[in-house]
Amino acid sequence: MPERIRVLYVDDEPDLLEIGKLFLEDAERFQVDTALSAPEALNSDTLRTCEAIVSDYQMPDMNGIEFLKAVRKQHGDLPFILFTGKGREEVVIEAINNGADFYLQKGGDPIAQFAELAHKIQQAVTRRRVECLRVKTEQELRESEEKFRSLIDLPPIGIMVQNIATGTIQYVNMEGLRLSGAKSVDDFRGKDALTYIHPDDRPLVLEFARRRETETAATPMAMRLLTIDGRPYPVEVMSKPIHFGGVPAIMVLFQDMTARKRAEDELRAAYEQIA
């Protein structure tokens with residue numbers, strides 16, 4: 001059975017509190033704590049652990065709107081439902097303007113009104129849980145990306161992260177920026193990775209990408225990349241599928257082969273001279 005939603009129900013009418021508590025807990029979705037005034041609720045331990053507040057409007061010492069303002073100041077976006085017999089339009093507007101999640105008017109069939117109240121509580125709590133999960137997930141992704149960036153900035157090899165679906169560049173490490181002559185990741189972010197591959201090598205790269213979909217081993221490939229101002233330089237490239245920012249991506253590792261190619265050319269020239 002799912003964990004019950006803990007609700008704090010505040011009203012200065014004890015009989016109504018008891019009826020509301022019995023009805024909501026009978027649905028087996030809620031655990032209801034009660035308070036006879038807003039000051040009592042603000043000083044209760046329940047306020048720090050509950051997932052929703054249901055409050056009357058017309059109460060001594062502090063009315064429902066004043067209570068709502070105090071809750072928003074101390075507890076942020078905790079779901080708050082104003083459940084009152086006051087049906088004036090200005091009260092509704094003030095409640096919504098101060099962050100009430102829902103406004104329900106008392107009266108009529110008690111079964112229908114408490115069923116609607118239960119629905120609104122569930123809706124408000126679910127919405128907040130989803131939002132909290134989204135924020136938590138985004139925070140974890142940011143922390144994961146920051147850790148990832150700090151790690152890939154260490155090795156003396158160029159590393160680029162490319163979105164699989166769009167083919168656009170998401171990140172380039174410090175060595176990659178140095179090799180390409182770029183000042184920051186913003187010079188690349190969101191641009192097509194093919195733009196920085198020598199035109200003559202692009203068909204080879206596309207064929208390599210097609211093979212990569214079926215091959216598990218990372219095979220090095222020689223090719224030419226372009227600097228930010230269009231100058232070609234030889235590299236050896238390897239790639240690996242990863243997730244970056246929560247979406248499928250390719251991590252491309254590229255090592256500058258300029259010095260090695262120069263040495264090979266010099267050796268070849270020397271051999272030809274000797275021959």
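Start by selecting Met-160 and Val-172: Val-172, in strand E7, is the bridge partner of Met-160. Keep in mind that this is a predicted model.

**The E6–E7 pair.** Widen the selection to both strands. E6 and E7 run antiparallel and are joined by three bridges. E6 covers 158-163 and E7 covers 169-172.

**The whole sheet.** Now add E8, E9 and E10. The five strands make an open sheet in the order E7-E6-E10-E9-E8, with antiparallel pairing. Look at the two edges. E7 and E8 each have a single partner strand, so one side of each lacks a neighbour in the sheet. Next, look along the strands: neighbours are turned by 35° against each other on average, direction ignored.

**The helix on the sheet.** Select residues 110-152, which is helix H5. H5 packs on the sheet and touches E6, E7, E9 and E10. Its direction makes about 150° with that of E9.

**The E8–E9 hairpin.** Go to the other edge. Strands E8 and E9 are antiparallel and joined by six bridges. Pick Leu-226; its bridge partner in E9 is Pro-232. The two strands form a hairpin with five residues between them. Stop at Gly-230 in the turn, where phi is positive, about 95°.

**The largest pocket.** Which residues lie nearest the centre of the largest pocket? Select Met-160, Gln-162, Ala-193, Val-205 and Val-252. Met-160 is where the tour began, as the partner of Val-172. The full lining has 33 residues, and the pocket holds about 700 Å³ of space.

Colour the lining by class. There are 23 nonpolar, six polar and four charged residues.

Then colour by element. Helix H7 (202-212) is one of the elements that supply at least two lining residues each. H7 gives the largest share, six residues. Helix H6 (174-180) also supplies at least two. So do the strands E6, E7, E8, E9 and E10, which are the five strands of the open sheet.

**A salt bridge in H1.** Finally, move to helix H1, residues 14-26. Show the side chains of Lys-21 and Glu-25. They meet in a salt bridge, at 3.1 Å from N to O. Why can these two positions be found about one helical turn apart? Lys-21 and Glu-25 are four residues apart in H1, which means about one helical turn separates them. Side chains of opposite charge can pair when their charged atoms come close. The structure holds 15 salt bridges, and the Lys-21 to Glu-25 contact is one of them.

Note on methods. Residues numbered from 1 in each chain as written. Predicted model: local features only at pLDDT ≥ 70, side-chain atom pairs only at ≥ 80, totals over all residues. Heavy atoms only, no water. 1 Å grid on protein atoms, 1.4 Å probe; cavity = no way out; pocket = protein on both sides within 12 Å on 5 of 7 lines; lining within 4 Å. Points joined across faces, edges and corners; volume = space filled by probe spheres on them. Nonpolar A, V, L, I, M, F, W, Y, C, P; charged D, E, K, R; others polar. Pairing = 2+ DSSP bridges. Axes fitted to C-alpha atoms, helices over the stretch in contact; angles between N-to-C directions. Contact = heavy atoms within 4.5 Å. Salt bridge = Lys/Arg side-chain N within 4 Å of Asp/Glu carboxyl O.
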